[in-house]
Every structure is written in structure tokens, then in C-alpha cells.
Amino acid sequence: MQLAATLRKEILLQWRTRSQIAAVFIFGATSLLLFSFSIGPNSEALRLYAPGFLWLGLLLSSTLTLSESFHLEMEERALEGLLLLPASDRSLYYGKAIANAFQLTLLGIALIPVMVVLYDAGTTRIPAMIGVIILGAAGLSAPGTLYTAMTSQLRSQQTLLPLLLFPLVVPVLLAAVKATSLIILGDPMGQARSWIILLIAFDAIYWSLCGLLFGRVVED
Amino acid sequence: MRGSRPASRSSPIEGRRKPLSVANDSSAAIEAFELSRRYGRRWALANVSFRVERGSSVLLAGRNGSGKSTLLRVLSTAIRADRGTARIEGLDLRADRYEVRKKIALLGHHTNTYDALSAWQNLAISASLLGMPASRSAMMPLLEEVGLAERADDAIVGFSAGMRKRISIARVLLQIEAAPESAGASVIFLDEPYNQLDPPGFRFVDQMFKRLKEKGATVVMATHLIEHGAKICDVGMVLEGGRLIWSGPAADLPMRGGIAPALLTEGVA
Amino acid sequence: MTGTVTGGWEFVAAAYGITIFVVGFYTVRAILGYRAALRKVSPTSGETS
Amino acid sequence: MTGISEVSFAAAETEDQPRIRRGPLPYILLAVGTLVILTGAWIGLFVAPAETFQGNTQRIMYIHVPTAWAAMLALMFAFVSSFAYLFNGKWAWDARLEASIEIGTLLALLLCIQGSIWAKPTWGVWWDWDPRLTTSAVMVFAFAGILALRKFVEEPGRRATWSAVATIVAFIDVPVVYFSVNWWNSLHQTQSTVGNIAPAFRVPLYTSAIGFVILLTGLIMLRARTSEIRLSEEIAPPLEPVASVGGIRS
């Protein structure tokens with residue numbers, strides 16, 4: 001029941017800060033454009049690297065959305081106020097992590113057309129594609145939410161969050177890129193399934209672990 | 001005003017040397033035992049022990065940096081004690097943290113609000129977490145009470161410090177009412193509640209104070225307005241350098257509270 | 001010993017050299033750091049080793 | 001009833017203070033460890049025969065594999081220290097955490113360097129995306145990030161809790177990273193193995209492995225002592241148990 005209340009709060013916050021999300025989308029689209037310059041106008045190579053670029057763009061954007069979501073909590077210590085009501089740290093964590101995953105999923109889905117246009121990397125397997133984006137976004141947001149809860153309380157948050165988060169999400173990146181490229185470039189051996197299972201396993205581990213640890217991070 | 005104090009002159013606060021030999025009797029709202037908290041090299045709160053009876057009101061005085069806010073934050077579980085502990089209505093600060101939070105409400109220096117959201121939405125978030133109806137119409141009476149009804153739909157980001165304070169006060173009121181199944185907060189910590197408020201705001205805090213006392217709640221108020229506080233509180237406590245240096249009837253505090261005269265002359269925040 | 005790849009000593013030397021240098025450097029630093037920290041808190045001790 | 005309440009207050013009252021630890025044990029361990037490692041290196045370099053296929057470059061394994069074991073042990077100890085700190089809040093565990101993360105990261109870095117030196121003559125490239133090598137590189141960055149986090153957090157209690165949390169999160173990631181890289185790379189690269197070693201190669205390997213573990217223990221002890229002394233300077237000294245003056249009334 002508390003989770004419903006925290007989710008309601010997150011929806012309110014996201015709706016009120018929707019212009020921020022639009023700005024992050026532009027950031028992501030710009031990075032996709034810039035990535036293509038590193039390859040050159042070689043449509044075949046671009047198509048090959050498109051999934052990698054998509055996920056790198058999403059990973060870079062995630063640091064922005066994560067920081068912003070905790071900036072709102074920390075500037076007037078709103079999170080502390082909720083903890084003292086009392087709200088359970090777990091419901092606050094899962095509310096936040098779900099909201100961040102949702103935001104990243106939206107961003108990922110919005111970036112697909114950009115990827116299709118820039119890299120000619122389209123696919124008809126839309127549900128599978130969205131499924132991979134949801135799982136990947138969840139994998140980024142679970143540890144991302146935990147780490148941002150720490151770094152947002154520090155002065156040098158912009159540097160520290162990528163430093164902590166990026167090495168950790170290597171498996172997410174690998175699995176999501178592989179699965180996405182198998183979806184786009186064709187999957188004769190049916191390998192995408194095993195990458196999706198890896199993503200699910202990562203999500204399962206970190207959604208439970210970070211929920212347990214969040215309380216220690218936000219409580220003084 | 002003085003008539004509101006209990007007839008007996010004996011203070012509900014007693015410092016104690018031994019760890020609460022008659023502890024855990026349910027009549028105490030707060031029993032603190034050697035509460036201490038450090039910030040880095042400094043003990044902001046050092047061995048503070050006292051006992052507050054239910055329904056009494058405490059005036060917490062002391063200079064800037066004497067540990068008033070730290071004490072209130074430790075007692076309200078916003079921060080941990082590094083040493084010692086306390087019981088709030090019989091519940092241990094450390095062991096029963098979550099349960100303690102159901103009993104307390106803190107009006108602190110931070111407003112605990114979301115700038116991007118409107119006044120009513122901020123209150124609605126708290127209300128829904130407390131399991132209370134959280135619609136806009138349910139929030140309106142509360143906003144009217146704190147004088148913000150016309151600004152209910154405006155984002156807080158444009159609010160003045162005093163208006164933000166009123167929202168915090170509204171949230172404390174919400175916690176006191178709370179859901180019907182739980183009793184609501186009954187130990188209230190007010191950290192400089194008059195700060196940033198205009199004269200109508202002052203009267204408003206006093207009204208809230210009176211209402212709390214009528215409900216039988218225990219109130220601990222840190223303020224620099226000692227003469228005013230002494231009129232409405234039962235008990236006085238003075239902190240200095242993180243230590244409890246004086247406690248007694250609040251009415252005595254302005255005259256006999258040790259450093260209290262110095263506090264009065266050094267200006268009021 | 002037939003089929004043995006000869007040479008490669010320069011890689012072996014590099015690997016051992018770097019390992020000894022890094023571990024040795026860190027060990028010395030750890031010892032000095034500990035002694036400095038000890039001296040700072042209690043100036044009289046720290047000579048014993 | 002009175003007694004119970006006294007007990008519960010007494011338990012909460014305990015306050016942990018970083019200690020200043022002395023004694024020659026770490027120095028002894030360092031000396032013994034160094035000697036054993038040097039012995040193992042001697043045997044590995046000059047006594048053991050060259051390996052049939054890889055030739056002399058195989059001798060790198062006599063330090064590479066022990067480094068890997070030591071790095072893994074150090075990080076495992078960091079993981080244990082994190083749990084210990086989160087459960088009992090003793091400063092000593094924070095000091096051990098700092099020591100073992102620092103040493104584990106350094107050894108993982110060394111591992112990458114040794115690995116690429118070995119990869120050059122064996123595979124012809126400095127860096128092949130071998131799962132072990134890649135995993136240790138990822139670990140270097142992950143744990144270096146935690147060391148950076150420790151530098152940025154000034155409040156000691158917060159620093160300890162946060163780095164313990166981050167260590168648990170990062171350590172759980174090690175097998176996941178290994179597994180995913182292994183899978184990712186398995187299509188075009190057969191793995192290097194160190195299994196099934198002949199006795200002639202086993203002696204130098206195990207000798208230096210034992211030496212590395214002894215040295216590691218000494219280093220962690222020494223480094224943890226330093227951290228604990230620094231902590232004792234950061235944290236306010238214990239309060240004198242003064243008689244409360246709250247009761248003094250005029």
C-alpha cells in the first residue's frame with residue numbers, strides 16, 4: 001500500500017518535470033547522432049553498431065535522469081520527511097527504482113525511431129525489442145537508484161555516479177546490446193533468448209539486493 | 001498563561017546518573033539516557049539524559065550550535081545517536097525505529113517538500129503515505145487552516161520561506177490527525193517553529209501548540225524566544241556545548257536558567 | 001624438450017619485474033604509512049618494529 | 001521489568017572507538033611472505049623446466065595465478081568486512097574494508113598487466129577479451145570507484161556504510177560479469193586454462209601462491225592498522241562518562 005503511495009508520488013514528480021525528460025531525450029538523440037560520426041557514412045557498419053550505440057546513449061542518459069530524480073528528493077530533504085512519516089525505506093526504493101526504469105524505458109522506446117532513421121536499423125519484432133528495453137532499463141535503474149541515493153548527497157555527484165555505476169552494469173550492457181542486435185540483424189540460432197535470461201537474472205539479483213541495502217544508504 | 005502549568009512545582013524532567021532504574025514506565029513520553037552524537041571530531045550532543053512526562057511541554061533553549069537541533073533530530077530518529085539511547089513512549093529509538101516514527105512528528109529546519117509540486121500535492125504525498133485520503137478536496141481544509149488555500153495549486157518553488165514553513169506545519173498537523181486506526185503522532189518536536197513566520201504565523205503556531213496540549217500530546221520546542229516560550233511551556237531545558245546544563249520549571253528559565261540571561265541579551269533569531 | 005618454444009624471456013622478465021616493483025613499492029609505502037600514522041598519534045612509539 | 005529495561009539500555013550504550021594496534025605480526029608476515037615468494041620465483045624461473053608449447057612465457061603463470069588468487073581473496077575479505085561492518089558497526093571492520101579494497105584493486109590491476117604481458121607472446125596481442133582478464137579489468141574500475149567514493153565522503157560513519165554497501169553490490173557482480181563476458185566471447189575464442197598441471201610446474205606455483213597469501217595477510221593487517229589510526233583521528237574521542245547535570249535545579 002505504501003508502494004502505491006510512493007508510486008503516486010513518483011508519477012506526480014515525473015509529470016511535473018516532464019520538460020526535463022524531453023531534454024534528456026534530446027541529449028540521447030544527439031549522442032546517437034554523434035556516435036555515427038565515429039564510424040563514418042558506412043551504412044552497413046552503422047547498422048552493425050546501432051544496438052551498441054543505442055545502449056550507450058541510454059546509459060549516458062540514465063546518469064542524467066537518475067541524478068535529477070534524487071536532486072528533487074535532496075534539495076529540501078523531502079526523502080527524509082517521507083522516512084519520518086514513516087514510509088518504509090523499501091517502498092521508497094522500489095517506487096523510485098520503478099519510476100526510473102519506467103523513465104528509461106520511455107527514453108529507450110523514443111530513441112528507437114532515431115536509431116532506425118540514423119542507422120537504418122529497423123526491426124519488425126517490436127514487442128521483443130520493447131521487452132529487451134524494459135529489462136535493460138530495469139537493470140540500469142536498480143543499482144543506479146541505490147548509487148544515486150549516495151552520490152546525490154555529495155558535492156561531486158556528477159563524477160562519482162558514472163564511476164560507480166558503469167563498471168557494475170557491464171553485464172546489462174553486454175546482454176542488452178547482444179539481444180538488441182540479434183533482434184535487429186536476425187537470430188538464426190535463437191541466441192537472443194539466453195541473453196534475455198541473463199538480463200532477467202541480473203534484474204532479479206539487483207532488484208532484491210539493492211532493495212535490502214537502500215535503507216542503510218538513506219538513513220543516517 | 002502561567003495557570004496552564006501543572007500546579008505542582010516539581011519538574012517532570014529529572015536528570016539521572018544511573019540508567020533509568022525505574023525505566024519503561026509508560027507514563028514517560030521521553031526518557032533519554034546519555035544521548036550523544038558526534039559530527040567528525042566534535043560531540044554535538046554529549047551525555048544528555050532526561051525524562052519528560054506525557055502531556056508536558058518542554059522549552060529547549062541554548063545558543064546557536066549548542067545542540068538543540070541535533071537533540072531534536074536524534075529524538076525524532078532523523079539521525080542516529082552515536083552513544084546512549086532514548087525511549088519515546090516506551091519504544092526504543094534504535095530497536096523500534098519504525099514504530100517510534102509513528103509516534104513522532106518533527107518540524108525541522110528543512111521543509112521536506114518537493115519544489116516542483118504544488119502545495120496540495122506535497123501534502124497529498126504525505127497523506128497517502130499515512131494512509132489518509134489524499135485528494136485535492138481532502139487537502140483543502142488543511143491548507144485553509146495554515147492560510148495557503150489560495151495558493152494550493154501553485155508550485156512551491158515560488159513560495160517564500162514563511163509560506164514553506166506553513167506547509168511544514170500543515171504536514172505536522174496531518175501527522176497528528178493521522179489515520180483513524182493509528183493514534184497519530186503524540187510526541188511533537190518543533191525546531192524554531194516561529195522562524196521566518198509573520199505575526200499571524202506566530203499566533204498560528206501558538207494555536208497549534210494549544211491544540212497539541214489539549215490533545216494531550218507531548219511537545220518539545222526549541223526556540224530563542226525564551227520569554228514567550230516560558231509562558232506556554234511547562235518545563236525548561238538549557239543546552240550548552242552539547243550538554244544539558246540546566247533544567248527546571250520553564251517559568252524560571254528566563255531568570256535562573258544559567259546562561260539564559262545571556263541568551264536573551266545576545267539577540268533572538 | 002622437443003617442440004619447446006624458445007625465447008620469450010623478455011616477457012617473463014617484464015612480468016616478474018613489474019610485479020616485484022608494484023608489490024614492493026606498495027609494501028614499503030604501507031610500512032612507512034603505518035609508522036608515520038603511529039608516530040603522529042604517539043610520538044614516542046613507532047621505533048619498535 | 002526494571003531489570004530488563006536496564007539491560008536493553010546497557011546494550012545500546014556500547015560505543016565503539018577505533019583502536020591503535022601495535023605488534024610485530026604484520027612485519028613478520030611481510031618478511032616471511034616475501035621470502036616464500038622469492039623462493040617460488042626462483043624455482044619458477046630457474047629450476048622448473050620450460051613448458052612444451054608455451055616455452056618460457058609460461059613461467060609468468062607462477063606469479064600470475066597466485067596474484068589472481070590473492071586478488072580474489074582480498075576482495076572476498078572486503079566483502080566479508082562489509083557484511084561485518086553493516087551488522088556490528090565496528091570501526092575495525094571499516095579499516096579492514098578499506099585495506100582489502102585498496103590491495104585487491106592493486107592486485108587486480110597487476111593481474112591485468114601480467115595478463116597482457118602474457119597475452120602478447122601467446123596470442124600475439126596485448127589484450128584479448130579473455131573472460132578472466134576482462135573481468136579483472138572491470139573489477140579494477142568497480143573497486144577503484146569505491147575507493148574514489150571513500151575519498152569524497154567526509155563523514156566517517158557515512159563513508160563506512162556507503163562503501164560497505166557499494167562493496168557488496170560490486171562483489172556480487174563479479175561472477176555475473178565473468179559469466180556474461182565468457183558467454184559474449186565464447187563464440188570466437190577458446191579459453192586458456194591452467195588446469196592439469198604437471199608436478200614440476202606445481203611446486204613453484206604453490207610456493208609462490210602460499211607466499212602471496214602470507215604477504216597479503218601482512219599487508220592487509222598493516223594497512224588496516226593505518227586506516228584505523230587515521231579513523232581515530234577523524235572521530236571525536238570517547239566521552240567521559242560524566243554525571244549528568246540535568247538534575248541540578250535552582
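**A tour of a predicted model**

Reader: Is Glu89(B) buried or exposed?
Author: Count the other C-beta atoms within 10 Å of Glu89(B), and you get 20. A residue with 20 or more such neighbours within 10 Å is buried, one with 12 or fewer is exposed, and those in between are partly exposed, with C-beta atoms placed from the backbone. Because of its 20 neighbours, Glu89(B) is buried.

Reader: What kind of model is this?
Author: Residues are numbered from 1 along each chain as its sequence is written, while chains are lettered from A and ligands numbered from 1 in the order in which they are written. Local features need pLDDT (the predictor's confidence in each residue, from 0 to 100) of at least 70, side-chain atom pairs count only at pLDDT 80 or more, and totals for chains, interfaces and linings use all residues, since this is a predicted model.

Reader: Where in chain B is Glu89(B)?
Author: Phi of Glu89(B) is near 45°, a positive value in a residue other than glycine. Most residues other than glycine have a negative phi. Helices (H or I, at least four residues) and strands (E, at least two) are DSSP runs, numbered from the N terminus. Glu89(B) lies in the loop between strand S4 (83–88) and strand S5 (91–92).

Reader: What is the phi of Asp120(A)?
Author: Asp120(A) is in the loop between H5 and helix H6 (126–151) of chain A. With 13 C-beta neighbours inside 10 Å, this residue is partly exposed. Asp120(A) is not a glycine, yet it has a positive phi of about 55°.

Reader: Which residue does a cis peptide bond join to Leu85(A)?
Author: Most peptide bonds are trans. Here, omega is about 15°. The partner sits in the loop between helix H4 (78–83) and H5 of chain A, and its name is Pro86(A).

Reader: Which residues does Leu118(A) touch?
Author: Leu118(A) belongs to helix H5 (residues 89–119) of chain A. It has 17 other C-beta atoms within 10 Å, so it is partly exposed. Two residues are in contact if their C-beta atoms, placed from the backbone, lie within 7 Å. Not counting residues up to four places away in sequence, Leu118(A) touches Leu32(A), Leu33(A) and Ser36(A).

Reader: Which helix supplies the largest share of the side of chain B that touches chain A?
Author: The contact takes 25 residues from chain B and 22 residues from chain A. On the chain B side, helix H2 (97–103) and helix H3 (119–129) each supply at least two residues. The largest share, five residues, comes from H3(B).

Reader: How many helices and strands does chain D have?
Author: From the N terminus on, the elements of chain D run α-α-α-α-α-α-α. Of its 250 residues, 48% count as buried. Chain D therefore comes, by the DSSP runs, to seven helices and zero strands.

Reader: What share of the 269 residues in chain B is buried?
Author: Chain B has nine helices and ten strands. Among its contacts between residues at least 6 apart in sequence, 68% join residues at least 24 apart. The buried share of its 269 residues is 58%.

Reader: Where in chain B is confidence lowest, by helix or strand?
Author: The mean pLDDT of chain B is 83, and 83% of its residues reach 70 or more. Over residues 1–23 of chain B the pLDDT is below 50. Confidence is highest in helix H1 (residues 68–75) of chain B, at 96, and lowest, at a mean of 52, in helix H9 (residues 260–265).
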